[in-house]
Amino acid sequence: MKDGIEITADHLQDVVKAIHRLTGQEILVGVPQANTLRRNDDQTSITNAEIGYLQETGSPAMNIPARPFLVPGVEAVQKQVTQQLEKGAHAALDGTQEQVDKAFHAAGLVAQNGVRHQINDGDFQPLAEATLAARRRRGRTGTKPLIDTGQLRNSITYVIRNKD
């Protein structure tokens, strides 16, 4: 006992490790390399990542209007993502690395689902008649932009990686 304070347990190292883990990682949402390949039922070699980029930004050369889904999808759930990361910060201050990891995964899932929801329910420019006709020739009847086979939507996920 020193100056009226009694130290019964020293968890400083656990707290420092948990804080380093919290600040040394980042959550990325999108189409990671492992999910970029498509089932080739549509006889194309374009990847999910390429399709996502073309849809997100548009391509005047290909007559594709921008249909942003990634950034708006994450922005729509920013408050919930922040709440999960705050839980991770509190866990770091408690020195519980497992809870820090759990909070990161929860934040990643919230962001992933926000993007998938945006793909399902976003307000996008309608598909061109030529695109709808091409879908019908392939036996597809859906008219929603960004959803034909569902492969792009299903490829959206999150990864947690160490910052460089």
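**Exercise 1. Decide whether Ala 76 is buried or exposed, and place this residue in the fold.**

Step 1. Ala 76 has a relative accessible area of 55%. Buried means under 20%, exposed over 50%, and partly exposed in between, with a 1.4 Å probe and protein chains only. Ala 76 is therefore exposed.

Step 2. Ala 76 belongs to helix H3. Helices are DSSP runs of H or I with at least four residues, strands are runs of E with at least two, and both are numbered from the N terminus.

Step 3. Ala 111 lies 35 residues from Ala 76 along the chain, and their C-alpha atoms are separated by 8.7 Å.

The model is predicted: local features need pLDDT of at least 70, side-chain atom pairs count only at pLDDT 80 or more, and totals for chains, interfaces and linings use all residues. Residues are numbered from 1 along each chain as its sequence is written, and side-chain values use heavy atoms, without hydrogens and water.

**Exercise 2. Describe the overall fold of the protein.**

Step 1. There are 7 helices and 2 strands, in the order α-β-α-α-α-α-α-α-β from the N terminus.

Step 2. Of the 164 residues, 32% count as buried.

Step 3. Contact means heavy atoms within 4.5 Å. Among contacts between residues at least 6 apart in sequence, 66% join residues at least 24 apart.

**Exercise 3. State which residues of H2 are buried and what they pack against.**

Step 1. The buried residues in H2 are Asn 48, Ile 51, Gly 52, Leu 54, Gln 55 and Glu 56.

Step 2. These buried residues pack against helix H3 (70–76) and H7.

Step 3. After H2 comes Gly 58, with a positive phi near 80 degrees.

**Exercise 4. Trace the largest nonpolar core and the contacts of Leu 152.**

Step 1. A nonpolar core is a set of buried Ala, Val, Leu, Ile, Met, Phe, Trp, Tyr and Cys residues joined through side-chain atoms within 4.5 Å.

Step 2. The largest such core has 9 residues, including Ile 51, Phe 69, Leu 146 and Leu 152.

Step 3. Beyond its neighbours within four places in sequence, Leu 152 touches Val 31, Arg 38, Asn 48, Ile 51, Gly 52, Phe 69 and Leu 146.

**Exercise 5. Characterise the lining of the largest pocket.**

Step 1. A pocket is an open set of points on a 1 Å grid over the protein atoms alone, where a 1.4 Å probe fits, with protein on both sides within 12 Å along at least five of seven lines; lining residues have an atom within 4 Å of a point.

Step 2. The lining holds 27 residues, and Ile 51, Gln 55, Ile 64, Thr 131 and Arg 135 lie nearest the centre of the pocket.

Step 3. Helices H2 (48–57), H6 (129–137) and H7 (151–155) each supply at least two lining residues.
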